[in-house]
Amino acid sequence: MSEISLSKGQSIAIEDTPRLKVTLEWKNLPGRSDDLDACAFLLGQDGIIANDADMVFYGSDSRTESYDPKIYPTRTLWKETTRPVSADGSVVGALDDEGNAHEAHEVIEIDLSKVAKEIERIMVCAAVFNDPEMGTPTTLDDIHEPSFTLHNLTTGLPLASIALPDDMEHHTALVGVELRRDGDTWAVHAPAQSYAGGLERLIDLYA
């Protein structure tokens with residue numbers, strides 16, 4: 001199966017693919033170590049998350065493993081080595097890639113068969129992380145070749161890629177992928193919409 005490229009506003013139905021891998025990728029130009037953070041929001045009919053665990057991001061306290069000080073001396077280490085997970089267990093978030101290599105990526109895994117019945121949409125997003133001590137803030141226009149791709153997690157076959165805008169207006173947050181429920185089926189939609197305000201703006205939108 002060949003990968004389908006979705007432009008802004010386009011959609012495709014997901015058939016016989018309950019488990020998805022959504023990959024956020026970008027490249028660092030020489031001398032740069034830009035940091036994008038992938039995150040997901042599980043939304044109900046009202047368009048917001050029902051609880052904090054349904055904001056699946058690197059800082060979440062809902063993890064794939066419970067905090068055990070015998071295993072993890074600090075909570076920071078616990079969050080660096082475990083993955084965030086949604087309240088229903090359907091979305092497993094990414095380990096943080098701080099962009100230190102030339103090619104960087106973060107992966108979110110989604111099992112549509114586990115999504116709680118009250119969840120109607122899953123938004124997969126990216127936010128630029130800016131260290132206030134690092135000087136001039138990075139924007140999406142500084143990021144080299146950012147992309148979202150979707151694969152069948154079981155077979156590894158490609159499903160779709162999202163065509164992102166060439167000019168993101170110096171924004172720092174991006175809504176890249178929307179999974180929409182329609183009865184018992186799901187579709188992939190391409191919002192490809194950028195915003196100013198980074199992760200905080202995404203929280204304002206969905207929480």
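Is G93 buried or exposed? In this predicted model, G93 has a relative accessibility of 1%, and because buried means under 20% relative accessible area, the residue counts as buried. The place of G93 is in the loop between β6 (91–92) and β7 (103–111). Leaving aside residues up to four places away in sequence, G93 touches V56, R83, P84, V107 and I108. Its C-alpha atom is separated by 23 Å from that of L6, and these two residues are 87 apart along the chain.

With that one residue placed, the view can widen to the protein chain. Two helices and 13 strands make up its list of helices and strands. The radius of gyration is 17 Å, close to the 17 Å given by the globule rule for 207 residues, so the protein chain is as compact as a globular protein of that length. Taken along the principal axes, the box filled by its C-alpha atoms is roughly 50 × 45 × 35 Å. Of the 207 residues, 47% count as buried. The accessible surface of the protein chain comes to about 10600 Å², and carbon and sulfur atoms hold 48% of it.

Contacts across the sequence can be described in a similar way. Among contacts in the protein chain with a separation of 6 or more, 67% are between residues 24 or more positions apart. As for charge, the protein chain has 16 positive and 37 negative charges, and the mean positions of the two sets are 5 Å apart.

Another buried position is found in a strand. C39 lies in strand β4, which covers residues 36–43. The relative accessible area of C39 is 2%, which means that C39 is buried, the limit being under 20%. Its contacts, not counting residues up to four places away in sequence, are with V56, F57, I108, M123, V124, C125, L199 and L202. V56 and I108 are also among the residues that G93 touches. C39 and A126 are 87 residues apart along the chain, yet their C-alpha atoms are separated by 6.1 Å.

T17 offers a buried example from a loop. This residue lies between β2 (11–14) and β3 (19–27), and it counts as buried at 7% relative accessibility. The side chain of T17 reaches the backbone oxygen of E15 at 3.0 Å. Beyond residues up to four places away in sequence, T17 touches L112, N152 and L159. Of these, N152 falls within strand β9 (residues 144–152), and L159 within β10 (158–162).

Which side chain does exposed T154 join in a polar contact? T154 is found in the loop between β9 and β10. With a relative accessible area of 56%, T154 is exposed, because exposed means over 50%. A polar contact of 3.4 Å joins its side chain to that of R19. T154 and D97, by contrast, are 57 residues apart in sequence and 23 Å apart in space, C-alpha to C-alpha.

S113 is a further exposed loop residue. Its place is between β7 and β8 (121–128), and at 58% relative accessibility it counts as exposed. The side chains of S113 and D111 are joined by a polar contact of 2.5 Å. From C-alpha to C-alpha, S113 and D184 are 9.7 Å apart in space, with their positions 71 residues apart in sequence.

Two glutamates deserve a look for their backbone angles. Most residues other than glycine have a negative phi. E145 has a positive phi of about 55 degrees although it is not a glycine. A positive phi of about 55 degrees is likewise found at E169, which is not a glycine either. Where does each of them sit? E145 is found in strand β9, whereas E169 is in the loop between β10 (158–162) and β11 (173–182). E145 is partly exposed, with a relative accessible area of 45%, while E169 counts as exposed at 53% relative accessibility.

Key: Residues numbered from 1 in each chain as written. Predicted model: local features only at pLDDT ≥ 70, side-chain atom pairs only at ≥ 80, totals over all residues. Heavy atoms only, no water. Helix = DSSP H or I, 4+ residues; strand = E, 2+ residues; numbered from the N terminus. Rg over C-alpha atoms; globule rule 2.2 N^0.38 Å. Buried < 20%, exposed > 50% of the residue type's maximum accessible area, 1.4 Å probe, protein only. Contact = heavy atoms within 4.5 Å. Areas by Shrake-Rupley, 256 points an atom, 1.4 Å probe, with all protein chains shown as cover. Lys, Arg positive; Asp, Glu negative; His and termini not counted. Charge placed at Lys NZ, Arg CZ, Asp CG, Glu CD. Polar contact = N/O pair within 3.5 Å; in protein donor to acceptor, adjacent residues only side chain to side chain.
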